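Student: I have the sequence and the coordinates open side by side. Could we go through them together, starting with the broad picture and then moving to details?

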Amino acid sequence: MAQNNAMVRKGKCLNIGNCNKANSKEIVDVNIGEDFVCPDCGGDLVEVKAVKSSLGLIIGGIVLAWPLLAQASISS
Ligand SMILES: [Zn+2]
């Protein structure tokens, strides 16, 4: 459900050199209400916007809607 996603913030640790998650550029999920810090080194996280997934949703929506649009233009 999309509701589950809204309960999680995605963050990236920038403590490169001192933190495994920063070194591997891992995206960390932090539940809303919890401290927005790296679980590995405890440093502040930088929030990551879920650009890829929303772009995927848009593309997926176009792909899904395309046959309907094509059908509508043929029949009209
Ligand atoms: Zn870290």
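**Contacts, sheet and loop**

Tutor: Among contacts in the protein chain between residues at least 6 apart in sequence, 39% join residues at least 24 apart. Please keep in mind that this is a predicted model.

Student: OK, so what is the mean pLDDT of the protein chain?

Tutor: The mean is 86, and 87% of the residues in the protein chain reach 70 or more.

Student: And where is confidence lowest, and where highest?

Tutor: Helix α1, covering residues 2-6, has the lowest confidence with a mean of 57, whereas helix α2, covering residues 20-23, has the highest at 97. Where pLDDT is low, the predicted coordinates should not be read in detail.

Student: Which pattern does the chain follow along the sequence?

Tutor: The order is α-β-α-β-β-α, made up of three helices and three strands.

Student: How are the strands arranged in the sheet?

Tutor: The three strands make an open sheet ordered β2-β1-β3, with antiparallel pairing. Strands β2 and β3 are the edges, each pairing on one side only, and the twist from one strand to the next averages 45°.

Student: How many bridges join β1 to β2?

Tutor: Five bridges link strand β1, residues 8-13, with strand β2, residues 27-31, and the two run antiparallel. If you want to trace the register, glycine 11 has valine 28 of β2 as its bridge partner, while valine 8 is partnered by asparagine 31 in β2.

Student: And what about β1 and β3?

Tutor: Strand β3, residues 45-47, pairs with β1 over three bridges, again in the antiparallel sense, and here lysine 12 has valine 46 of β3 as its bridge partner.

Student: Switching to backbone angles, what is the phi of lysine 25?

Tutor: Lysine 25 has a positive phi of about 55°, although it is not a glycine. Most residues other than glycine have a negative phi. Lysine 25 sits in the loop between α2 and β2.

Student: Is lysine 25 buried or exposed, and why?

Tutor: Lysine 25 counts as exposed because 10 other C-beta atoms lie within 10 Å, and the cut-off for exposed is 12 or fewer.

Student: How much of the whole chain is buried, then?

Tutor: Of its 76 residues, 8% count as buried.

Student: Last topic: which residues does the "transmembrane region" annotation cover?

Tutor: The UniProt annotation, from an unreviewed entry, covers residues 55-74. In the model that span is 100% helix and 0% strand, and its end C-alpha atoms lie 28 Å apart.

Definitions and conventions: Residues numbered from 1 in each chain as written. Predicted model: local features only at pLDDT ≥ 70, side-chain atom pairs only at ≥ 80, totals over all residues. pLDDT = per-residue confidence, 0-100. Helix = DSSP H or I, 4+ residues; strand = E, 2+ residues; numbered from the N terminus. Pairing = 2+ DSSP bridges. Buried ≥ 20, exposed ≤ 12 C-beta atoms within 10 Å, placed from the backbone. Contact = placed C-beta atoms within 7 Å. UniProt positions renumbered as here; feature names shortened; annotations may be inferred. Axes fitted to C-alpha atoms, helices over the stretch in contact; angles between N-to-C directions.
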